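Subject: The structure I promised you

Hi,

Here is the structure we talked about, for you to open and turn around. Have a look at it first, then read on.

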Amino acid sequence: MLDWNVVVTTHEHRYHHARAFLAPMGELRDTDFYNVLVMRVEQPRDFLATLERHLEAFPKAATSLARVLPVTETFSYQSPEEFELKAATAVRGWLAQLAGTRFHVRMHRRGFKGRLSSLEEEHLLDHFLVEELAQQGQEGFIDFADPDWILAIDTVSQRAGLSLWSREELQRYPLLKLD
């Protein structure tokens, strides 16, 4: 599978349209999951702005895209324990940004059914971040109603991608659809 840094879900019966629209923007691969594509782009943090420009030129393409999530950290895993260890290591890099703010983790899992629970992993990482901040003498608050940040995790088979999104970015890029 491609070493992806973008996960795309498409609307029902629009998969091929979405695929044709996205193909010029990066390396694109099918997955084993219904209506899910993965991409590799040069600048994942800038990809949503690039996508916006393309959608302005081809507005009908928006009807094909259900959700688009660029990620900045990726890793592979073979077990739930390995996932948790690598996810904790990855999210530590965002502690400085999360200090003194309201946040929560949102996970979209594809694969590892029955072995990895999105809800349990979200709770685990939420509390891990609060505890890590407290050990640094900082506060962090889990907030689902009005978060300053959402830490997004998408898994496709046994590969995970993570990214951190501010309230402003979530408002600017509605295709993120994290909650």
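Below is what turned up, starting with one strand and moving on to salt bridges and a helix. One thing to keep in mind throughout: this is a predicted model.

**Strand 8 and its partners**

A good place to begin is strand 8, residues 149–156. Eight of its eight residues are buried, so the strand is largely enclosed by the rest of the structure. That holds for both of its faces: W149, L151, I153 and T155 point one way, I150, A152, D154 and V156 point the other way, and all are buried. This is the pattern to look for, since in a regular strand the side chains alternate between the two faces of the sheet.

Which strands does it pair with? Strand 6 (residues 102–110) runs parallel to strand 8, and eight bridges join the two. To find your way along that pairing, look for F103, which stands opposite W149. Strand 9 (residues 159–166) pairs with strand 8 in the antiparallel sense, also over eight bridges. Here D154 is a handy marker, as it stands opposite G161 in strand 9. Strands 8 and 9 make a hairpin with two residues between them, and S157 in the turn has a positive phi of about 60°.

If you want one residue to zoom in on, try T155 in strand 8. T155 has a relative accessibility of 0%, so it counts as buried. Leaving aside neighbours within four places in sequence, its contacts are Y77, F83, M107, H108, R109, R110 and A160. Keep F83 in mind for the helix further down.

**Salt bridges**

How many salt bridges does a search of the whole structure find? The count is 16. Side chains of opposite charge can pair when their charged atoms come close.

One of them joins R19 and D30, whose closest N and O atoms are 2.8 Å apart. R19 belongs to helix 1 (residues 15–22) and D30 to strand 2 (residues 27–30), so this pair ties together parts that are 11 residues apart in sequence. Both ends are partly exposed: R19 has a relative accessible area of 24%, and D30 comes out at 42%.

Another links the side chains of R29 and E27, at 3.1 Å from N to O. R29 is partly exposed at 39%, and E27 is partly exposed at 37%.

Then there is D148 with R102, where the closest N and O atoms are 3.5 Å apart. This pair links distant parts of the chain: D148 sits in the loop between strand 7 (141–142) and strand 8, while R102 is in strand 6, 46 residues apart. D148 is buried at 19%, whereas R102 is partly exposed at 29%. The two also belong to a network of salt bridges that links R102, D143, D146, D148 and R167.

**Helix 3**

Last stop: helix 3, residues 80–92. Its 13 residues reach 18 Å from the first C-alpha to the last, close to the 18 Å expected at 1.5 Å a residue. Buried or exposed, where do its residues fall? P80, F83, A87, A88, A90 and V91 are the buried ones. They cover an arc of only 165° around the axis, which puts them on the same side of helix 3. On the other side, E81 and L85 are exposed. The buried residues pack against strand 5 (73–76), helix 4 (95–98), strand 6, helix 5 (118–135), strand 8 and strand 9.

Happy browsing!

Definitions and conventions:
Residues numbered from 1 in each chain as written. Predicted model: local features only at pLDDT ≥ 70, side-chain atom pairs only at ≥ 80, totals over all residues. Heavy atoms only, no water. Buried < 20%, exposed > 50% of the residue type's maximum accessible area, 1.4 Å probe, protein only. Helix = DSSP H or I, 4+ residues; strand = E, 2+ residues; numbered from the N terminus. Pairing = 2+ DSSP bridges. Salt bridge = Lys/Arg side-chain N within 4 Å of Asp/Glu carboxyl O. Contact = heavy atoms within 4.5 Å. Expected span 1.5 Å × (residues − 1). Arc of directions from axis to C-beta.
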